[in-house]
Amino acid sequence: MVVKLPALADTHAFGRRLAGLLRAGDLVLLTGPLGAGKTALTQGIGAGLGVLGDITSPTFVIARVHRPDPARAGTVGLVHADAYRLGDATDPRAEIDDLDLDASLDDSVTVVEWGEGLAEHLTESHLHIRLDRHDDDTRTAELVPVGGDWPARLVALSA
């Protein structure tokens, strides 16, 4: 499934829509070049989930945990990780394991930027989203479901 995102605001809005399909235990891997909209998409997901705190790029802290905000009807937390700086490590998958993302996986939605090839082993199924930014500043998101009931859930996004 490919979704066209004419502006960065559309990327954020798409994240809000996607959040309506997400539930505790879900793993979402985001890939794409710098400026493709990975953090903007995650901001939309966080807004849709109703979590606490501003969602900013976790590049330098590697991972942030956002608890649900009952005042915003939040019921599921968000773990937002960025594996960009792990790519140069001798064993980046071991560094992902050291983050203990699987410890919060069951009760949160986990979004990992730059996670392809590093975080898939955390769960049997996940949603991989490849974001691209084009010369005219538009974006596209290619959603690739891996295992589980992702294909059935994604049908709701095309409606």
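The protein contains five helices and seven strands, and the model described here is a predicted one. Read from the N terminus, the order of these elements is β-α-β-α-β-β-α-α-β-β-β-α. Of the 159 residues in the protein, 47% are buried. Long-range contacts figure in the fold as follows: where two contacting residues lie at least 6 apart in sequence, 65% of such contacts join residues at least 24 apart.

Strand S5, which spans residues 108-113, is mostly covered, with six of its six residues buried. In a regular strand, side chains point alternately to one face of the sheet and to the other. In S5 both faces are covered: Ser-108, Thr-110 and Val-112 are buried on one side, and Val-109, Val-111 and Glu-113 are buried on the other. Two parallel pairings involve this strand. Strand S2 (residues 27-31) runs parallel to S5 and is joined to S5 by four bridges; within this pairing, Leu-29 has Val-112 as its bridge partner in S5. Strand S4 (residues 77-82) also pairs with S5 in the parallel sense, here over six bridges. The bridge partner of Leu-78 in S5 is Val-109. The two S5 residues named as bridge partners, Val-112 and Val-109, thus belong to opposite sides of the strand, Val-112 being grouped with Ser-108 and Thr-110, and Val-109 with Val-111 and Glu-113.

The packing of helix H1 (residues 8-19) on helix H2 (residues 38-49) was examined next. The axes of H1 and H2 come within 6 Å and cross at roughly 40°. Because of this angle, H1 is oblique to H2; an angle under 35 degrees would have counted as roughly parallel. The crossing of H1 past H2 is right-handed. On the H1 side, the contact is formed by Leu-8, Thr-11, His-12, Phe-14, Gly-15, Arg-16, Leu-18 and Ala-19. On the H2 side, the contributing residues are Ala-40, Leu-41, Gln-43, Gly-44, Ile-45, Ala-47, Gly-48 and Leu-49. By class, the residues of this contact comprise nine nonpolar, six polar and one charged.

Helix H2 also holds Thr-39. Thr-39 is classed as buried because its relative accessibility is 18%, and the limit for that class is under 20%. Apart from residues up to four places away in sequence, Thr-39 touches Ile-55, Thr-56, Ser-57, His-80 and Glu-113. Among these partners, Glu-113 is itself a buried residue of S5, and His-80 falls within the residue range of S4. Thr-39 therefore counts as buried and has contacts that include residues of both strands of the S4 and S5 pair.

Trp-150 is placed in helix H5 (residues 150-154). Its relative accessibility is 0%, so Trp-150 counts as buried. Trp-150 and Leu-21 are separated by 129 residues in sequence, whereas their C-alpha atoms are 9.3 Å apart in space. When neighbours within four places in sequence are set aside, the contacts of Trp-150 are with Leu-22, Asp-26, Leu-27, Ser-125, His-126, Leu-127 and Pro-145. Of these contact partners, Leu-27 lies in the range of strand S2, His-126 and Leu-127 in that of strand S6, and Pro-145 in that of strand S7.

Two residues in loops were noted for their backbone conformation. Most residues other than glycine have a negative phi. Ala-73, by contrast, has a positive phi, near 65°, although it is not glycine. Ala-73 lies in the loop that connects strand S3 (63-66) with S4, and it counts as exposed because its relative accessibility is 62%. Asp-137 likewise has a positive phi, of about 75°, without being a glycine. The position of Asp-137 is in the loop between strand S6 (126-133) and strand S7 (139-146). With a relative accessible area of 38%, Asp-137 is partly exposed.

Asp-137 is also a contact partner of Pro-6, a residue whose contacts, neighbours within four places in sequence being left aside, are with Asp-137 and Thr-138. Pro-6 is found in the loop between strand S1 (2-5) and H1. Since its relative accessibility is 54%, Pro-6 counts as exposed. Pro-6 and Arg-133 are 127 residues apart along the chain, and their C-alpha atoms are separated by 9.9 Å.

How values were computed. Residues numbered from 1 in each chain as written. Predicted model: local features only at pLDDT ≥ 70, side-chain atom pairs only at ≥ 80, totals over all residues. Heavy atoms only, no water. Buried < 20%, exposed > 50% of the residue type's maximum accessible area, 1.4 Å probe, protein only. Pairing = 2+ DSSP bridges. Axes fitted to C-alpha atoms, helices over the stretch in contact; angles between N-to-C directions. Parallel < 35°, antiparallel > 145°, perpendicular 65-115°, else oblique. Left-handed = near helix turned anticlockwise from the far one by under 90°. Contact = heavy atoms within 4.5 Å. Nonpolar A, V, L, I, M, F, W, Y, C, P; charged D, E, K, R; others polar.
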